[in-house]
Amino acid sequence: MAATPDLLVRRLSKADDRSQFRCGDADLDRFFHRYAGQNQFRHHIGTTFVAVRQGAILGFVTVSPGEITADVIEAATRGHLPDYPLPTLRLARLGVDERHHGQGIGRRLLRAVFHSALELRERFGCLGVVVDAKPQAVGFYQGLGFTPLAVVRGQLGDRPEPLPMFLSVRSIETAGAGSVPP
Ligand SMILES: CC(C)(COP(=O)(O)OP(=O)(O)OC[C@H]1O[C@@H](n2cnc3c(N)ncnc32)[C@H](O)[C@@H]1OP(=O)(O)O)[C@@H](O)C(=O)NCCC(=O)NCCS
């Protein structure tokens, strides 16, 4: 089922009631209930976008600036980048209310992330989006074009979770994935 058009994706506000949200992952729920607000409004170390329908929060995604070195990126994407740390947008947390999985809400939240990555690139520079994907979500990110970062490719057998994945801003732009606001 597709997400209904009345779904709004916007920045978290102080007035939002986060207490009823459940995505099926206790750590992510705890983060959203307890820390998403203070990280955004007090510490200023991450921004959360929420997907809202009829006043209810159905999903959230938290992003913050990050960096990676070019050697962990696939050669085809790497080009002739310098070998010092390069700016990225880090997708730190993502969850969709478990009663609304499979409705396109996660994809819609990623649109907000892609839009932010393009904005970041224009203003300060950004190579792409990085996520430490939980095992159950690797397929979701793959479907959106993310690929594993090279640094862990050889270690998958030893270290099943999480899997660092990457999507270049160039791919986002080519796909037109962040060109419209969320
Ligand atoms: C992973 C999660 C965010 C996906 O959100 P969602 O709203 O259910 O996903 P969508 O409905 O937007 O799905 C978009 C596409 O991804 C696919 N997809 C969704 N979840 C998937 C998964 N776990 N594995 C593989 N594909 C998945 C859908 O089938 C859909 O494909 P389609 O466009 O070809 O039909 C959600 O399942 C969730 O909150 N899980 C628990 C928390 C979690 O694991 N968070 C990620 C932490 S890194």
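In this predicted model, helix α1 carries a kink of about 50°, centred on Tyr35. The helix takes in residues 26-41, and its 16 residues reach 23 Å from the first C-alpha to the last, close to the 22 Å expected at 1.5 Å a residue. Its buried residues are Leu28, Phe32, Ala36 and Asn39. An α-helix has 3.6 residues a turn, so residues three or four places apart point the same way. The partners of the buried residues of α1 are strands: these residues pack against β2 (47-53), β3 (56-68) and β4 (86-96).

Between α1 and β2 runs a loop that holds His44. Phi of His44 is positive, near 55°, in a residue other than glycine. Most residues other than glycine have a negative phi, which makes this one worth a look on screen. His44 counts as exposed because it has 10 C-beta neighbours inside 10 Å, and a residue with 12 or fewer falls in that class.

The strands that α1 packs against, β2, β3 and β4, belong to an open sheet of seven strands with mixed pairing, in the order β1-β2-β3-β4-β5-β7-β6. At its edges lie β1 (8-11) and β6 (147-148), each of which pairs on one side only. Strands of a sheet pair through backbone hydrogen bonds, either parallel or antiparallel. Starting from the β1 edge, β1 and β2 run antiparallel and are joined by four bridges; here Arg11 has Phe49 in β2 as its bridge partner. Next along, β2 and β3 are also antiparallel, with seven bridges between them. Within this pair, Thr47 stands opposite Val63 in β3, and Val50 stands opposite Phe60 in β3.

The hairpin of β2 and β3 has two residues between the strands, and Gln54 takes a positive phi there, near 50°. Like His44, which has a positive phi, Gln54 is not a glycine. Gln54 lies in the loop between β2 and β3 and is exposed, because 9 C-beta neighbours are found inside 10 Å.

Towards the β6 edge, β5 (128-133) and β7 pair in the antiparallel sense over six bridges, and Asp132 has Pro164 in β7 as its bridge partner. Two bridges then join β6 to β7, again antiparallel, with Pro148 opposite Met165 in β7. Strand β7 (residues 163-168) is mostly covered, since five of its six residues are buried.

Ala133, in strand β5, gives a closer view of this region. Is Ala133 buried or exposed? It counts as buried, because 21 C-beta neighbours lie inside 10 Å and 20 or more are enough for that class. Leaving aside neighbours within four places in sequence, Ala133 is in contact with Val138, Tyr141, Pro162, Leu163 and Met165. The C-alpha atoms of Ala133 and Phe166 are 9.8 Å from each other, although the two residues are 33 residues apart along the chain.

Helix α3 (105-123) has 19 residues and reaches 27 Å from its first C-alpha to its last, close to the 27 Å expected at 1.5 Å a residue. Its buried residues include Ile105, Gly106, Arg108, Leu109, Leu110 and Arg111, and further along Ala112, Val113, Phe114, Ser116 and Ala117 are buried too. Just after α3, Gly125 takes a positive phi of about 105°. The loop between α3 and β5 also holds Phe124. With 9 other C-beta atoms within 10 Å, Phe124 is exposed. Its C-alpha atom is separated by 8.5 Å from that of Pro87, 37 residues apart along the chain.

Turning to the ligand, which elements supply at least two residues each to the shell around it? They are β4, α3 and α4 (138-143). Of the 21 residues around the ligand, those that come nearest are His101, Gly106, Arg107, Ala137 and Gly139. One of these, Gly106, is also among the buried residues of α3. By character, the residues of the shell divide into eight nonpolar, 10 polar and three charged.

Note on methods:
Residues numbered from 1 in each chain as written. Predicted model: local features only at pLDDT ≥ 70, side-chain atom pairs only at ≥ 80, totals over all residues. Expected span 1.5 Å × (residues − 1). Bend = angle between axes of the 7 residues up to and from the residue. Contact = placed C-beta atoms within 7 Å. Near = placed C-beta within 6 Å. Nonpolar A, V, L, I, M, F, W, Y, C, P; charged D, E, K, R; others polar. Pairing = 2+ DSSP bridges.
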